Structure formats: structure tokens, C-alpha cells
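Trainee: Could you walk me through this one before I go back to the bench?
Mentor: Gladly; have a look at it first, and then ask whatever comes to mind.

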There are 2 protein chains.
Amino acid sequence: MSKCEQCIVRQFNSLKALTKEELLRISACKTSRIIKKGEVIFEEGESLNGIFCIKDGVCKLTKLSANGKDQIIKLVEKGQILGQRSLISDERTNLRATALNDMELCFIPKAEIINDLKKNNNFTMDILKNMADDLREADDVIVNMAQKSVRQRLAEALLDIDENFGTNPDGTLSVLLSREDFASIVGTATESVIRVLSQFKKEGFISTIGKYIKIEDIEGLRRVE
Amino acid sequence: MSKCEQCIVRQFNSLKALTKEELLRISACKTSRIIKKGEVIFEEGESLNGIFCIKDGVCKLTKLSANGKDQIIKLVEKGQILGQRSLISDERTNLRATALNDMELCFIPKAEIINDLKKNNNFTMDILKNMADDLREADDVIVNMAQKSVRQRLAEALLDIDENFGTNPDGTLSVLLSREDFASIVGTATESVIRVLSQFKKEGFISTIGKYIKIEDIEGLRRVE
DNA sequence: ACTAAAACATGATAAATATCATATTTAAAT
DNA sequence: ATTTAAATATGATATTTATCATGTTTTAGT
């Protein structure tokens, strides 16, 4: 099994704040997992015994609403860590994580991480900074949900995915989402997403290649009102 | 000036994790401020040089949306701390704080708190736990905004205020908000809030005494669909 | 390659909510 | 106490979005 010390992914998350010795210990007790597209990594309300470091792939974090619909709260990709919030609060997860493509994860047991949190203040501070960023992002999402139209929210979702997850060689968005997934990000009905995407196509903002979406006029999308 | 060690308010926030010596240092450099109802404590985009500990009163945290409307993200009351997110991210504030009634605040300079964060891991962990809780709450708000009706969101806002801020001796909600404030919590037009409140009144869920709202049928409000 | 199921698409309609207009009430200032 | 401004209230209407129905295309499995 590969060692955490040499793992490139670590550079992108809080684990970079750990010392060599700490990484060695973690490396010794971590377990690797392969998750297929569509599989659930953890359920909402599950108690996790550790955190996941995403070595490859993208997943969605969703919360089930009272009306039975899933809401996508966040997309998480390679390099990021899953489950830190419930680890810190010592609570069951408040979100479900589902793989959007094939993924490779490292699972690090709770005891090991808690130990590092207590002893390595740099590590704690780094996690804290991450969480502060997540919180700011969440505030932005709240305002968008409350104040913007479906059309605006969908335009922003496309821009967001383009910016944060990039594109394939042909220019299409690299994260492949169903119309239903988009509806679940935007907080609307699937039919509404389909309609608005059709409009965007007519207006020349996007084009589609199969299920893939390509942004054709990024400025146009930014100007959507 | 009173000392932090003896301040009751401290029991409710992360400052409780500080040692006696740390508290003495903070006590020596803190400044006290009185803020009148309606006054702005800090603006969105302002750079804070410290944090505020709320000794008395309630304030709203708002964010200006692109359409010019304010969105209330959170109400914060006595015992809680303001400005910790921007302190930790070392960024300008992402929210504006406005007093909802007369307030008393203690301002603690950045350098002092940063120092404690670096040295006292219990303090850091406590802030981290707080932030993890805030994040979970924010996730819930996102789902509500995305999936629930104005009627449901307003009912929940009333229940929330009742639960977290309590009532006056006559049973009315102790935090006095304008219809516009409610609109800004729920993410809707002021007229819509007024209409729904009128419905709630007709349905016997609430009554009003002047501007004050009294919950008459808490179970009814909980059942609102 | 064929079939069934899922995803996508679009129209028709209903429901929710926003906007505009205009009273009425309440609070604030002189 | 009187005036003025702000907040609350309600109706009429427009807009946005959801829901239901139905058809088409794509995907997955045999």
C-alpha cells in the first residue's frame, strides 16, 4: 500500500499540516477503498469512525428534505476530506455522500485523527480555516437560494462547476451530472432545469454533446438575470 | 471595567476554554461598547481587528444580494461571539452585523486571540466545534430555502425564534422583528410575509399585540405544510 | 442487436409568489 | 397635539415555477 507521505493528494488538504511521524502513523492504519459511480460512501445519519481522504473522483453531498427530495449541498473532489464535520462535532453525519464517478478513497480511523487534533495545533488550525471557508460558501449559497431565480441559480451552478472542476479536452464540463442532479443543486424541479438548459442552448450560452454540457459563452452566462 | 474572569456570558462561548492567565490578559486589553438598536456593528467587507463578545442584546447578520436585498443569515444573541469566521480566515467580513435592540459588546483585539489560538488547543478545538455546528445549521437552512414554501419557512422562522430566543412575560416573542426582517430571513417579499402572517392569525396559530407576535398554537405551526 | 428502463424533452395547466397600487395604522419628530 | 414618515395591510395582476401528461431519446442489460 502506498504511503501518505508520498501521496500528492495530501498537498491539497489539511493533512499537509501533519508531521512526518504523524503521517507515518496514519499511513500504517489507513485503509484504501474503491467506490463505483453511484455508490453511497456514507448515509445521512450514519456514525462514521473516521474521515475519508479523496484520492480520486468526485462525489456529491446531499441532504434529504422533508418533502422527500434530495438537496445537493456540495460537490467534493480529489484532494478534499470527507466527514470532518461529524468527526469534530462527534455526531452522526448530516449528509449522504454519493460517488459521481469511480472513486478511490483512503479511510483514516477517528482515534488517529483525534490524537493529531489534540497534539498538532497547526493541523487543528488548518481544519478550522477550511471550515471557516466552507461556512462562508454556505452563506453565499443561502443568499442565492433565497434571492435568485432558477435561471440565475442554474447559470451560476454551471459557472461554478466549470471553475472548480474544469473541463474535458473537448471543452465539456468534466463533472457529469444528470438533469435531476442539477435540479437538486439549484433546488427546483427536473423539468425546470431541462427547460432552462434548452433556453441557454437557444441563447447560445451552452451546447451539449450527448449528456455533456459545454459552455460556449461564459460572459453570457455571467450576465444572466 | 469588569473582568472577563467574572463575566457570566463567557460560560456560553469558546472563551470558557481559556485559562485564568489568558483571561486576565484579554480582560486587560478588551474594550467595551454600547450599541443602540438599529446601529451597524460592522459592515460587509470591513476588516475587523478582533472579535466581539456579546454581553447583552441581539443582532442580525445580513448579506447584501446582487438584487439589492438584504438576506438575514443568522440571529446572534448574548453569550455568542461575532467575527470569529473572518478572524480565522484572515479575511474581510462576509456579513454585516446590525443591532436588533440595545447591545453591550466587548471587543477583543485580534493579536490577543490569535495568540491564544496558537497556544491553547482546547480553545481552538472549542471554536472548531462551534464552527462545525454553524456549518450543520447552514446546511439545514440551504435545504429549507431550496425545498420548502414561504409558508413553511415562515412557520419555521417563528418556531426557531421562539425556541432560541424565548418569549416575554406576556408570551410574545422576545426578539422584535419587522415584517421586512422576517421577509429577509425567509427570503421572500415583505407583502408575502404580511399575507402569510395574516393567514396564521386567521388559522389561530399566532396572535399579535402591537408589533409583537405571540405563538398560540405551536403544534399547528409545526404541522404547517 | 434487441428490449426494457431510465433519462431527457416539451406542452398544458395549476399553484405559488412577486410586483404594483393604494389604503390604513403606527411610530417618530417637531 | 399635530404633522410626517414609516410600517402594516390588502387587492389586483403579472410572473415564475411546479405539476401532470405524454412523447422521444439514450443507456444498460441480456
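Mentor: One term to settle at the outset is the salt bridge, by which I mean a side-chain nitrogen of Lys or Arg within 4 Å of a carboxyl oxygen of Asp or Glu. This is a predicted model, where local features need pLDDT of at least 70 and side-chain atom pairs count only at pLDDT 80 or more, while totals for chains, interfaces and linings use all residues. Residues are numbered from 1 along each chain as its sequence is written, chains are lettered from A and ligands numbered from 1 in the order in which they are written, and side-chain values use heavy atoms, with hydrogens and water left out.

Trainee: OK, so how many salt bridges are there between chain B and chain A?
Mentor: There are 4, and one of the salt bridges joins B:Arg136 to A:Glu91, with 3.2 Å between the closest N and O atoms.

Trainee: And which elements of chain B touch chain A?
Mentor: Those giving two or more residues to that side are β5 (70-77), α2 (84-89), α3 (110-119) and α4 (121-147) of chain B, where helices (H or I, at least four residues) and strands (E, at least two) are DSSP runs numbered from the N terminus. The largest share, 21 residues, comes from α4(B).

Trainee: How much area do the two chains bury between them?
Mentor: About 3700 Å², with 67% of it on carbon and sulfur atoms; buried area here is the accessible area (1.4 Å probe) that two parts lose on being put together, summed over both. On the chain B side, B:Leu128, B:Ile142 and B:Gln147 lose the most area to chain A, and together they make up 17% of what that side buries. In terms of contact (heavy atoms within 4.5 Å), 40 residues of chain B meet 40 residues of chain A.

Trainee: Switching to chain A by itself, what are its domains?
Mentor: The assignment gives domain 1 (4-145) and domain 2 (148-222), with bounds that come from an automatic or database domain assignment. Their C-alpha centres lie 26 Å apart, and the area buried between the two domains is about 1100 Å², with carbon and sulfur atoms giving 54%. Within domain 1, A:Ile72, A:Leu75 and A:Asn144 lose the most area to domain 2, together 43% of what that side buries.

Trainee: Which residues form the salt bridge there?
Mentor: A:Lys60 pairs with A:Asp181, and their closest N and O atoms are 2.8 Å apart; the count between these two domains is 1 salt bridge.

Trainee: Now the DNA: which residues come nearest to strand D?
Mentor: Of the 16 residues around DNA strand D, the nearest are A:Thr188, A:Ser192, A:Arg195, B:Arg195 and B:Ser198, a residue being near if one of its heavy atoms lies within 4 Å of the strand. Sugar and phosphate make up 57% of the strand D atoms that come within 4 Å of the protein.

Trainee: What does A:Glu191 sit by, a base or a phosphate?
Mentor: A base: an N or O atom in the side chain of A:Glu191 is 3.3 Å from a base nitrogen of DNA strand D. For A:Ser192, a side-chain N or O atom is 2.7 Å from a phosphate oxygen of that strand.

Trainee: Which element gives the most to that surface?
Mentor: That is α7(B), with 4 residues, and α7 (190-202) of chain A and α7 (190-202) of chain B each supply at least two.

Key:
Polar contact = N/O pair within 3.5 Å; in protein donor to acceptor, adjacent residues only side chain to side chain.
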